[in-house]
Structures are given as structure tokens and as C-alpha cells.
Amino acid sequence: VAGSLPKYFDKRYFDIRVILPKYACMKQEWKDKMNYITHFYMDLGYKNCYVGIMHMEYEGIQFYFIDNEYYFNRDGLYGYYDDGERFAFFNRAVLEFIKEIDWKPDIINCNDWQTGMVPVLLNLEYKNNEFYSNMKTVFSIHNLLFKGSFVPNVLPELFGYDYMPLTNGSVELNGSVSFLKGGINYSDQITTVSNTYAEEIKTQQYGEGLDGLLRCKSDFLKGIVNGIDYEEFDPEKDNLIFKNFTWDSISDKVENKLSLQKELGLPQRAETPMIGLISRLTHQKGCDLIVSIIDRLLQKDIQFIVLGTGDYWYEETFKNLQYRYPDKVSANIKFDNSLAHKIYA
């Protein structure tokens, strides 16, 4: 979303910029194109932290990267014991950075719990400063399951606040501080990945304990359907697929199929239907529905390709399917952008 959506805004009227952590696992080719523009220091609880700013223009959009090796020089993106501190740092650094370069956005769009405290900080603290006073926030929920919940003492230790946001319920969830709930409560608008998901999360079945809050916020909650980047995945121009094709040469699509079968070690059969699943492997994505029927499907002449990571049980289930049906199933438990393009093609 942060990579594909901004370039579609009309740049004559909108100045869209993207701010990300400078993760170590970014490809080196992109790191080599980043330029240092400035750095500063800011307080994070009792720590005084270095905030480096790297910059790169890509497809006409300005991308900024918050650089701090202590927090982001790691193999993965998140899932670490100190994630609360890491993203508390990132959230405050974003707000400090925009003032540092004197860029005053009208709207800050925050994605998932990792940015959920930006609206909290903005409303509880930064709007007292004239520079920030007119800024609005949109909070986008991609997966409600991940709530960014941390022990209550993060409020004084990382944010310098008392416990009022916890005791008044605005960030409290099951006795913890939830960055996700903070983002929902303090944002001006809430969006999510489809109209149907926006309705589902207002129910007890899919609300992950936040359905009451989301029903209360329903006037500010909208679904916007996720789409694919038509330029990046255009089979006429895509340089990651085996053979380009268009509407006029749709028969060349089969060359992509045969080549993909060969690459994945599946029998090359042009007439065999191929089902592709590119997804995070979780219950929310409907993996349980697939698992419940896949053995019956695999009795037919089909091939099934999975690409993604997620819950351990689903990862092992799909790997076991490949073991049991080596001529029909290819389980690729990883993130692989090139393979995703080939499966789509």
C-alpha cells in the first residue's frame, strides 16, 4: 500500500511522501540509492536517541527512511522482545522529523499497530505546538489480529506520560497498552482493506475484542478495496516473468505456466489447471477453508502452488501436502517477489 498507492495521486495537486524505518533487510540495491540528508537527537523516555534521515525518490515519490541501527539493524521487521520501544521510537521520530525538514502535511496516514501511536502523540502532545495544530490522521487497519500490546509502563518509560490514557480506556486492551487501539481511538478517520472487512470487524466473530469500539466508530470507518499495482504486474512489461503477453497474445500465457512448473519441479502439463495462493497463511485469510477441501481437490488433475509465511500450523500443513503430493503441490514458505510475479502471470 505504501509503495503502490502514492504514485497514483495527481502530483499537480498532492504532495505525497512516505516515511519508513530503514530496515536492514531491505535490498542493497535500494540502500545504495539512498542519500543522507540530516540527523538529529530526540528523547525517548530516559534515552537520547540518534535519528538519521535517508532519502530516495522513486517513481516521482519522496521516500524517507528513519535510520537507527540499534532499533532497525536486524534480520526481520518485527517480532522482537523490544518491539514496543522500537516502534515508540519510530512513531515519535516521524513527528519530530517532519518539523525538522519543515514539511507540514495535512494528513498523516498510519498503517497498522506499528504506527498506531502517531495519532496518540499528535493529539496528546504535539498539537499544542502551532506547527502540528491543523494536522489530521487516517489509521489504516490491515490485520486486526495484531494489536501491538505492551506492558502499561511503556507509557511513562517510552512516552513520558502518566497512566491516564490507560485508565480512561483509550489505549487499554486487556490490561495492556495497545498501539492499535490508540490509533483507532485518536485518528480522525479509519480505513481498512475492503468494504466487507470493514463490516466484519464490527462483529464479535471477527472483531478480535475491538468490535464494540469499531461499532462505536462506524461513522469514521470506511473500507477501500486493496488492489494490485497494474504497472508493476502488467504482463506486457513485467521483466520478472518468463514470457511477456498481452490480450492479443494470450496464448503465450501457457509458456509462463510450463516454465513455472519446471522451476518448481512440477510435471509440465499445459492442460492441468494450476491454483496459486499468495498470502499470509493465517485463519483470517481463509486458509482453514482451503485446508478443509484441499485433499478432495488434489484427487483431481490439478496443481496447487502456495507462496507465503504465517502461522506455524498452516506452514507445516502446506509443507506436508507437498510431501504427500509431490507432483501436484509446491509449498514455498517464504517471501519471494519474483516468484509472486511468476505465479500471477
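**Exercise 1: two hairpins**

Find the residue that takes a positive phi in the hairpin of β3 and β4.

*Solution.* Start between the strands: this hairpin has 2 residues there, and E59 takes a positive phi near 50°. Strands here are DSSP runs of E with at least two residues, helices are runs of H or I with at least four, and both are numbered from the N terminus. One thing to know before going on: this is a predicted model, where local features need pLDDT of at least 70, side-chain atom pairs count only at pLDDT 80 or more, and totals for chains, interfaces and linings use all residues. Residues are numbered from 1 along each chain as its sequence is written, and side-chain values use heavy atoms, leaving out hydrogens and water.

Next, look at the pairing. β3 (residues 47–58) runs antiparallel to β2 (residues 35–44), with 9 bridges joining them; two strands pair if DSSP finds at least two bridges between them. β3 also pairs with β4 (residues 61–67), again in the antiparallel sense, over 7 bridges. Y58 sits opposite I61 of β4, and L44 has K47 in β3 as its bridge partner. The hairpin of β2 and β3 has 2 residues between its strands as well, and there G45 takes a positive phi near 60°.

**Exercise 2: the nonpolar cores**

Work out which residues have the most contacts inside the largest nonpolar core, and which helix gives that core its largest share.

*Solution.* First, the rule: a nonpolar core is a set of buried Ala, Val, Leu, Ile, Met, Phe, Trp, Tyr and Cys residues joined through side-chain atoms within 4.5 Å. Buried means under 20% relative accessible area, exposed means over 50%, and partly exposed is in between, with a 1.4 Å probe and protein chains only.

By that rule the largest core has 60 residues, and I98 and I184 have the most contacts inside it. Helix α3 (residues 83–100) supplies the largest share, 9 residues. A second, separate core of 15 residues includes L277, C287, F304 and A331.

Now zoom in on I98. Skipping neighbours within four places in sequence, I98 is in contact (heavy atoms within 4.5 Å) with I19, W103, P105, I108, F131, Y132 and M135.

**Exercise 3: an arginine in α3**

Decide whether R92 is buried or exposed, and find the backbone oxygen that its side chain reaches.

*Solution.* R92 lies in helix α3. Its relative accessibility is 7%, so R92 counts as buried. The R92 side chain reaches the backbone oxygen of F159 at 3.3 Å. Leaving out residues up to four places away in sequence, R92 touches M42, D43, L121, E125, Y126, F159 and Y161.

**Exercise 4: the buried side of α10**

Explain why the buried residues of α10 are on the same side of the helix.

*Solution.* List them first: in α10 (residues 253–263), N256, K257, L260 and Q261 are buried. They cover an arc of only 130° around the axis, which is why they end up on the same side of α10; the arc is taken over the directions from the helix axis to the C-beta atoms. Then check the packing partners: the buried residues of α10 pack against β12 (274–278), β13 (303–307) and α13 (337–344). Just after the helix, G265 takes a positive phi of about 75°.

**Exercise 5: two open sheets**

Give the strand order of the open sheet with parallel pairing, then that of the open sheet with antiparallel pairing.

*Solution.* The parallel case has 3 strands in the order β12-β13-β14. Its edge strands are β12 and β14 (329–332), each pairing on one side only. From one strand to the next, the twist averages 5°. β13 and β14 are joined by 4 bridges, and F304 stands opposite V329 in β14. Helix α12 (residues 312–324) lies across β12, β13 and β14, running at about 145° to β14. Axes are lines fitted to C-alpha atoms, for helices over the stretch in contact, and angles run from 0 to 180 degrees between N-to-C directions.

The antiparallel case also has 3 strands, ordered β7-β9-β8. β7 (149–150) and β8 (172–173) are at the edges with a single partner strand each, so one side of each has no neighbour in the sheet. β8 pairs with β9 (residues 176–178) over 2 bridges, and V177 in β9 is the bridge partner of E172. Helix α7 (residues 179–186) lies across β7, β8 and β9, at about 55° to β9.

How values were computed: Polar contact = N/O pair within 3.5 Å; in protein donor to acceptor, adjacent residues only side chain to side chain.
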